[in-house]
Amino acid sequence: MSTPSDLLARARTFAADIAPRSAEIEAAGRIPPDVSRRMGDAGFYRLYVRRELGGLEVSPREGAEIVEAIARGDAACAWVTFIAITTTLAFGRLSADAVSEMMARPDSLATGVFAANGRAERAPGGFRVSGRW
């Protein structure tokens, strides 16, 4: 099991390793797949997931410190981590089976927006989504 200190050290190492790729990440406008996999393997995407569901269940302060450490290497990686971990806070409302299925792989990434300003309307074959995100 990873301790918060282990995770913080891992985040600092990750930040130092990823900093040289910041310009590449910014130019692409996305996190490259190899970087995202590394973030998942490091446990960054499951910081707030309950331990019994395979998460690391760190405190909000510990999570913030880890995200801050990642940001020292690349702000986009920190932003993706922050969105992922805050989205997993909603997992407390889901069944253990659902969460286990969604987070089955280390690089499973939960995303969402808590301040959505959009609309979803039924459309042929599904939904049409519009708005600002």
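**Exercise 1. Work out which residues of H4 and H5 touch in this predicted model, and how the two helices run relative to each other.**

Start with the contact itself. On the H4 side we find Val67, Ile70 and Ala71. Across from them, H5 brings in Ala75, Cys77, Ala78, Thr81, Phe82 and Ile85.

Next, sort these residues by character: eight are nonpolar, one is polar and none is charged.

Now the geometry. H4 covers residues 60-71 and H5 covers residues 75-87. Their axes sit 7 Å apart and form an angle of about 155°. Angles over 145 degrees count as roughly antiparallel, and H4 is therefore roughly antiparallel to H5.

**Exercise 2. Find the buried side of H4 and say what packs against it.**

Check the helix length before anything else. H4 has 12 residues, and from first C-alpha to last it reaches 16 Å, close to the 16 Å expected at 1.5 Å a residue.

Then pick out the buried positions: Gly63, Ile66, Val67, Ala69 and Ile70. They share one side of H4, because they cover an arc of only 160° around the axis.

Turn to the face pointing away from that buried side, and you meet the exposed residues Pro60 and Arg61.

Last step, the partners: the buried residues of H4 pack against H1 (4-18) and H5.

**Exercise 3. Do the length check for H5, then list its buried residues and the helices they pack against.**

Length first. H5 has 13 residues, which should span 18 Å at 1.5 Å a residue; the end C-alpha atoms are 18 Å apart, so the two agree.

The buried set in H5 is Cys77, Ala78, Val80, Thr81, Ile83, Ala84, Ile85, Thr86 and Thr87. Cys77, Ala78, Thr81 and Ile85 also belong to the contact with H4.

For partners, the buried residues of H5 pack against H1, H2 (22-28), H3 (33-41) and H4.

**Exercise 4. Describe how H1 packs on H3, including the make-up of the contact.**

Take the axes: they lie 11 Å apart, at an angle of about 170°. That angle makes H1 roughly antiparallel to H3.

Now the residues. H1 contributes Thr13, Phe14, Asp17 and Ile18, which meet Val35, Arg38 and Met39 of H3.

Sorted by character, this contact holds four nonpolar residues, one polar and two charged.

**Exercise 5. Place Arg12, Glu57 and Gly118 in the fold and classify how accessible each one is.**

Begin with Arg12, which lies in H1. Its relative accessible area is 53%; exposed means over 50%, so Arg12 is exposed. For a sense of distance, Arg12 and Phe127 are 115 residues apart in sequence and 41 Å apart in space, C-alpha to C-alpha.

Go on to Glu57, in the loop between H3 and H4. At 35% relative accessibility, Glu57 counts as partly exposed. Have a look at the backbone too: phi of Glu57 is near 45°, a positive value in a residue other than glycine.

Finish with Gly118, found in strand E1 (residues 117-123). With a relative accessible area of 42%, Gly118 is partly exposed. Gly118 is 40 residues from Ala78 in sequence, and their C-alpha atoms are 25 Å apart in space. Ala78 is one of the buried residues of H5.

Terms used:
Residues are numbered from 1 along each chain as its sequence is written. This is a predicted model: local features need pLDDT of at least 70, side-chain atom pairs count only at pLDDT 80 or more; totals for chains, interfaces and linings use all residues. Side-chain values use heavy atoms; hydrogens and water are left out. Axes are lines fitted to C-alpha atoms, for helices over the stretch in contact, and angles run from 0 to 180 degrees between N-to-C directions. Helices (H or I, at least four residues) and strands (E, at least two) are DSSP runs, numbered from the N terminus. Angles under 35 degrees count as roughly parallel, over 145 as roughly antiparallel, 65 to 115 as roughly perpendicular and the rest as oblique. Contact means heavy atoms within 4.5 Å. Ala, Val, Leu, Ile, Met, Phe, Trp, Tyr, Cys and Pro count as nonpolar, Asp, Glu, Lys and Arg as charged, and the others, Gly among them, as polar. The expected span of a helix is 1.5 Å times one less than its number of residues. Buried means under 20% relative accessible area, exposed over 50%, partly exposed in between (1.4 Å probe, protein chains only). The arc is that of the directions from the helix axis to the C-beta atoms.
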